[in-house]
Amino acid sequence: FTPADDSFFLGERKGKSTQIIQTLLKAKYEFKIHSDLNTTVPLASLNNHRDFFGKNFSIYFQEKHVSSYCMAFGLERLTVACILLWGSDTRNCPKEIFNYE
């Protein structure tokens, strides 16, 4: 996992400040793989919400606002990673990937 920032849903102006905050607070991490094409593909992300939702929705545990995380991954990212690693011919992929038994 490497530090990351992600503000695609906020627009460019608000997004820049969110990127800075995420970086400073170490609030977002991405799991990336390296391909033979000298590129990295982020497969999953982990976001530390701290107590944002606990405070805003009055969620408590033992009289303290709760902290939360979320983890996300995209099937399209996993597909791209497989293609970058083994090519588009499924015969090159490890057999375990296509073993549905």
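Here are three short exercises with worked solutions on side-chain contacts in the structure above.

This is a predicted model, so local features need pLDDT of at least 70, side-chain atom pairs count only at pLDDT 80 or more, and totals for chains, interfaces and linings use all residues. Residues are numbered from 1 along each chain as its sequence is written, and side-chain values use heavy atoms, with hydrogens and water left out.

**Exercise 1. Salt bridges**

Task: Find how many salt bridges the whole structure has, and list the partners.

Solution: Start with the rule. A salt bridge is a side-chain nitrogen of Lys or Arg within 4 Å of a carboxyl oxygen of Asp or Glu. Side chains of opposite charge can pair when their charged atoms come close. Next, search the whole structure, which gives three salt bridges. Now take them in turn:

- Glu 30 pairs with Lys 32, at 3.9 Å from N to O.
- Asp 51 pairs with Lys 55, and their closest N and O atoms are 3.5 Å apart.
- Arg 91 pairs with Asp 89, with 2.8 Å between the closest N and O atoms.

**Exercise 2. Exposure of the charged partners**

Task: Decide for Glu 30 whether the residue is buried or exposed, then do the same for Arg 91.

Solution: First, set the cut-offs: buried means under 20% relative accessible area, exposed means over 50%, and partly exposed lies in between (1.4 Å probe, protein chains only). Glu 30 has a relative accessible area of 12%, so this residue is buried. Its partner Lys 32, at 33%, is partly exposed. For Arg 91 the value is 71%, so Arg 91 is exposed, while Asp 89 is partly exposed at 28%. To finish, check the remaining bridge: Lys 55 is partly exposed at 49%, and Asp 51 is partly exposed at 26%.

**Exercise 3. Aromatic rings**

Task: Work out how many aromatic pairs the structure holds, and describe each geometry.

Solution: Begin with the criteria. Rings of Phe, Tyr and Trp (its six-membered ring) pair if their centres lie within 6.5 Å; planes under 30 degrees apart count as stacked, over 60 as edge-to-face and the rest as tilted. The structure holds two such pairs. In one of them, Phe 52 and Phe 53 lie 5.0 Å centre to centre with 85° between the planes, which is edge-to-face. In another, Phe 53 and Phe 57 are stacked, with 6.1 Å between centres and 15° between planes. Put together, Phe 52, Phe 53 and Phe 57 form one aromatic cluster. As a last step, look at exposure: Phe 52 is partly exposed at 47%, Phe 53 is partly exposed at 32%, and Phe 57 is exposed at 56%.
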